[in-house]
Amino acid sequence: MGHAPATQAKIKASQFLSTPFDGFSDIYTQQRRPADNTTLIVRTSTTAMPKLHRTSFLFLVFFCGCLSHSAESSRYDQEELQWLDDKDDEISMVQSRHSALTTCDFSKGKWVYDQTYPLYDAATCPYLSTAVTCRKNGRPDSDYEKWRWKPDGCSIPRFDALDFLGKMRRKRIMLVGDSIMRNQWESLVCLVQSVVPPARKTVIYNGPTMAFLALDFEMSIEFCWAPFLVELRRGQDGKRILHLDSIEENAKYWRGVDVLAFDSAHWWTHSDKWSSWDFVMEGNNVYKSINPTVAYEKGLTTWAKWIDLNLDPRRTRVFFRSISPRHNRDNGWKCHNQREPLEYFSRPHVPEQLIVLQKVVRRMEFPVYVQDITAMSALRRDGHPSVYGRASGDKNNQQLKDRSSDCSHWCLPGVPDTWNEVLNAAL
């Protein structure tokens, strides 16, 4: 029987809720075939269950709850697909916290060329945004896909899709943040989707969330658009108001999730004409101008209080990914025509956002693992889309020079795959 086109696997939440969970009553096991050392997924039972599995029920409750979300949040549907025109910032390094969780320091090491990479083919993953399919958009080189991160004194296990799906069976993992976190979500979905039959996977879009479902494993890989974590609303005059002490409109999507990975930094650094808000509000106080670092600490404190009050560390793992470095000097052309990673950089710098994050996390009761990806990523000037963030039939050099250069997001396959290998190792 032929496979359905990938586009048919994308359905709305209302359609999903009416779809029977026909595969959830089956039991699947992995079996090694000695003849060629391959792994098979074998259905060992097809006994019908008298009622839905508890996890299936949770899926239904979760997505039914999504349908009640206000129309205001849907404004992010299009915004989440837009790549930011970010300003320059410094290449940076950071320090991780919760060393008990990191017997291996994944943040220190080097990039080694590995012919066995990438871990998937972009051409066979239908879940990638056009903005990150750099080779399809005309990028002439492909070596940026073949670099593997090697930590000093240890190694990162090679990502195994079946192992990850088995580990996350009957669980939900959600990545929360901005478009760079969306970048990482697409990477994680592409890392696992090839081992899931077309008829047994689907993607659901609803409000500020999207979810890839692997039905036979009863698990989901989800993304929630919340670049500030706290709420950004529009007033009656259309002005954007950042509410530093309001978070529930975003946080209600995080309830019941088994693994939460957060990211929030870049949108707090925008200023002047690139500012992400018009006013900042805290309680009854409204500010036209506020120090972004002060605002960031207040916003993160609201997030931290919500985590402490609403989550149970025995049931939920929480990660906070460090800031993804940008290479936007020289009007965004710092990453253009880069073909290989830097070997090192001489002046390490800890960004203000990381200092604030560490300060806030230290005050929390809930154990949060700060995942340091900044140092390794700062070496990868070659990994950005640059001028290959959109398709073009004409590869004329002058036309490419007329384009804006994206040195903030990452080509896929590429650097975010390594972030996910580190996340998988931490799990």
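The expected span of a helix is taken here as 1.5 Å times one less than its number of residues, and helices (H or I, at least four residues) and strands (E, at least two) are DSSP runs, numbered from the N terminus. The structure on screen is a predicted model, in which local features need pLDDT of at least 70 and side-chain atom pairs count only at pLDDT 80 or more, while totals for chains, interfaces and linings use all residues. Residues are numbered from 1 along each chain as its sequence is written, and side-chain values use heavy atoms, with hydrogens and water left out.

**The whole protein**

Begin with everything shown as a cartoon, where twelve helices and 16 strands can be picked out. Of the 427 residues, 53% are buried, a word that stands for under 20% relative accessible area, with exposed meaning over 50% and partly exposed in between (1.4 Å probe, protein chains only). If contacts (heavy atoms within 4.5 Å) are restricted to those with a separation of 6 or more, residues 24 or more positions apart account for 81% of them.

**Helix 5 and Asp178**

Select helix 5, whose 15 residues should span 21 Å at 1.5 Å a residue, in agreement with the 21 Å between its end C-alpha atoms. Because 15 of its 15 residues are buried, helix 5 is largely enclosed by the rest of the structure.

Next select Asp178, in the loop between strand 6 (172–177) and helix 5 (179–193). At the start of helix 5, a side-chain oxygen of Asp178 comes within 3.0 Å of the backbone nitrogen of Ile180, which can be read against the cut-off for a polar contact: a pair of N or O atoms within 3.5 Å, where within protein one must be able to donate a hydrogen and the other to accept it, and residues adjacent in sequence count only if both atoms are side-chain atoms. Although Asp178 is buried, it has no salt bridge, and the nearest side chain of opposite charge, Arg321, is 5.0 Å away; Lys and Arg count as positive and Asp and Glu as negative, with His and the chain ends not counted. Leaving aside residues up to four places away in sequence, Asp178 touches Phe223, Trp225, Pro227, Asp263, His266 and Trp267.

**Salt bridges beside strand 6**

Now display the charged side chains, among which a search of the whole structure finds 18 salt bridges, each being a side-chain nitrogen of Lys or Arg within 4 Å of a carboxyl oxygen of Asp or Glu. Select Arg172 and Glu222, whose side chains meet in a salt bridge at 2.8 Å, N to O. The pair links distant parts of the chain, with Arg172 in strand 6 and Glu222 in strand 9, 50 residues apart. Arg172 is buried, with a relative accessible area of 7%, and Glu222 also counts as buried, at 1% relative accessibility.

Then move to Arg170, which forms a salt bridge with Glu218, their closest N and O atoms being 3.5 Å apart. Here Arg170 counts as partly exposed at 40% relative accessibility, whereas Glu218 counts as buried at 3%.

**Helix 8 and its surroundings**

Select residues 292–310, helix 8, which has 19 residues and reaches 27 Å from its first C-alpha to its last, close to the 27 Å expected. At its start, a side-chain oxygen of Asn291 reaches to within 2.8 Å of the backbone nitrogen of Thr293. Its buried residues include Tyr296, Trp303 and Trp306, and the elements that the buried residues of helix 8 pack against include helix 9 (352–362), strand 15 (317–321) and strand 16 (368–371). Glu297 of helix 8 can be shown together with Arg363, since the two form a salt bridge with closest N and O atoms 3.7 Å apart.

**Aromatic rings**

Finally, show the rings of Phe, Tyr and Trp (its six-membered ring), which pair if their centres lie within 6.5 Å, planes under 30 degrees apart counting as stacked, over 60 as edge-to-face and the rest as tilted. The whole structure holds 17 aromatic pairs. In one of them, the rings of Trp303 and Phe320 have centres 5.2 Å apart and planes at 80°, so the pair is edge-to-face. Trp303 lies in helix 8 and Phe320 in strand 15, so the pair ties together parts 17 residues apart in sequence, and both residues are buried. Phe319 and Tyr369 are also edge-to-face, because their ring centres are 5.3 Å apart and their planes at 70°.

As a last selection, take Trp225, Phe228, Trp267, Trp268, Trp277 and Tyr296, which form one aromatic cluster.
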